[in-house]
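Student: I've never looked at this structure before. Could you show me how to read its features, one at a time?

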Amino acid sequence: MEQTRYKRRLKRRKRKELKELNLLNRFLFNEVLEDPVAYRAVLEIILGHNIRLKANVQSEKEIRTLPTFRGIRLDVWGQDEEDNIYNSEMQRKNTRNLPRRSRYYQSVLDAGLLEPGVVDFNQMNNVCLITIAPFDLFGRNRCMYTFRMKCDEDSTLDLDDGAVRIFLNTRGTVTEGCSQELLDLLRYVEKSNERVAAESESQRLKLLHNRVRAVKSNDENEVRLMQLWEEKAYARLAGAKAKLIEQVCKKLRKGKNAQEIAEELEEDIELITRICEAARESAPEYDCDEIFEILWGEDFYDDEYEYEYEDEDVGE
């Protein structure tokens with residue numbers, strides 16, 4: 001009985017197979033673009049010029065300036081032969097903080113660009129941050145928004161600090177400043193299939209599609225995707241149970257009994273009773289972590305739960 005609520009909650013989430021995914025999915029996006037040839041093709045389409053990309057492309061690159069500071073994890077990072085830095089992020093959900101998030105990402109990237117003792121800030125690499133999303137972040141319906149530092153008093157004056165941030169909207173309708181090749185790429189991100197690739201005249205897009213097909217046909221990638229989904233499912237389940245324990249403890253502090261708590265939270269009485277019994281071990285402080293360990297501990301990650309998973313971004 002205690003599993004019912006959680007199992008029902010998770011079974012609403014159905015996982016698509018790797019072959020069904022498009023590039024909006026972070027797993028597929030990272031796997032495809034960690035290939036330097038594919039990443040170069042995408043950058044050239046977005047930026048509109050040729051790039052001599054180095055072979056040191058990394059996906060899921062982690063950067064932390066200090067142990068006490070928040071680190072960042074970059075979806076796809078690359079560097080060209082002129083030492084320009086490129087970071088591309090796939091953002092499927094609007095978290096309402098992307099402009100400031102991109103500012104933080106840029107600051108963390110900048111912090112590692114100069115060696116200790118270097119006094120000439122002109123030696124800092126140029127940095128280009130690209131965010132691709134299936135929504136309009138700024139409400140102008142543009143397919144592409146490019147930001148550089150400019151002077152408020154004279155808009156023709158560029159700060160020229162070597163930093164640019166680009167936001168791409170795959171569902172934009174205002175195409176000003178976008179090449180047909182870029183518009184084809186935005187369409188392909190949403191529908192990463194043979195038909196869309198064939199309809200485009202872009203050789204770069206066809207090259208990208210070949211890489212997508214190679215990633216999707218690799219059985220090892222399918223296994224890795226399933227493993228990541230399972231980890232997320234267990235994390236969701238653990239989070240749900242931890243939250244329930246916190247709710248129960250709050251009501252125990254108010255003098256409520258198991259029956260009252262079960263009714264108020266609309267939860268199974270057997271599960272609530274077990275939580276209440278475990279909570280007695282740490283009363284009256286009610287240590288939620290200790291209660292979780294008493295109830296599930298190492299047996300939490302077993303095979304008794306059956307899950308289906310929705311097509312979410314792995315690691316988000």
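**Reading the model together**

Tutor: Let's start with a charged pair: Arg-52 and Glu-81 form a salt bridge, and their closest N and O atoms are 3.8 Å apart. The pair links distant parts of the chain, with Arg-52 in the loop between α3 (36–47) and β1, Glu-81 in the loop between β2 and β3, and their positions 29 residues apart in the numbering. Before we go on, note that this is a predicted model, where local features need pLDDT of at least 70, side-chain atom pairs count only at pLDDT 80 or more, and totals for chains, interfaces and linings use all residues. Residues are numbered from 1 along each chain as its sequence is written, and side-chain values use heavy atoms, with hydrogens and water left out.

Student: What counts as a salt bridge, and how many does the structure hold?

Tutor: The general idea is that side chains of opposite charge can pair when their charged atoms come close. The cut-off is a side-chain nitrogen of Lys or Arg within 4 Å of a carboxyl oxygen of Asp or Glu. The structure holds 18 of them.

Student: Is Arg-52 buried or exposed?

Tutor: Three words cover this: buried means under 20% relative accessible area, exposed over 50%, and partly exposed in between (1.4 Å probe, protein chains only). Arg-52 has 54%, so it is exposed. Glu-81 has 48%, so it counts as partly exposed.

Student: Which residues form a salt bridge with Glu-199?

Tutor: One is Arg-187, with the closest N and O atoms 2.7 Å apart. That pair links distant parts of the chain: Glu-199 is in helix α6 (residues 194–199) and Arg-187 in helix α5 (residues 180–190), twelve residues apart. Another is Arg-195, where the closest N and O atoms are 3.3 Å apart. Glu-199 and Arg-195 both lie in helix α6, four residues apart, which is about one turn of the helix. Elsewhere, salt bridges that share partners join Glu-44, Glu-181 and Arg-204 into one network.

Student: Where do names like α6 and β2 come from?

Tutor: Helices (H or I, at least four residues) and strands (E, at least two) are DSSP runs, numbered from the N terminus. Take strand β2 (residues 72–79): seven of its eight residues are buried.

Student: In which sense does β2 pair with β1 and with β3?

Tutor: Two strands pair if DSSP finds at least two bridges between them. Strand β1 (residues 58–63) and β2 are antiparallel, over five bridges. Within that pairing, Lys-61 stands opposite Leu-74 in β2. On to strand β3 (residues 85–90), which is also antiparallel to β2, over four bridges. There, Gln-79 has Ile-85 in β3 as its bridge partner. β2 and β3 form a hairpin with five residues between them.

Student: What is the phi of Asp-83 in that turn?

Tutor: Here's the general idea: most residues other than glycine have a negative phi, and most peptide bonds are trans. Asp-83 has a positive phi, near 70°, and is not a glycine. At 34% relative accessibility, Asp-83 is partly exposed.

Student: Which residue in the loop between α10 and α11 should I look at for phi?

Tutor: Try Tyr-286, which lies in that loop. Tyr-286 has a positive phi of about 60°, although it is not a glycine. With a relative accessible area of 14%, Tyr-286 is buried.

Student: And what kind of peptide bond joins Ala-283 and Pro-284?

Tutor: A cis one, with omega about 0°. Pro-284 is found in the loop between α10 (269–279) and α11.

Student: Which residues gather in the patch of negative charge on the surface?

Tutor: Patches are made of residues with over 30% relative accessible area and no salt bridge, with like charges joined within 9 Å and nonpolar side chains (Val, Leu, Ile, Met, Phe, Trp, Tyr) within 5 Å. Asp and Glu count as negative, Lys and Arg as positive, while His and the chain ends are not counted. Here the members are Glu-246, Glu-281, Glu-285, Asp-287, Asp-289, Glu-290 and Glu-293. Helix α11 (residues 288–295) gives the largest share, three residues. Asp-289 is found in that helix, and Asp-289 is exposed, with a relative accessible area of 61%.

Note on methods:
Accessible areas come from the Shrake-Rupley method with a 1.4 Å probe; for residues, only the protein chains shown count as cover. The place of a charge is taken as NZ of Lys, CZ of Arg, CG of Asp or CD of Glu.
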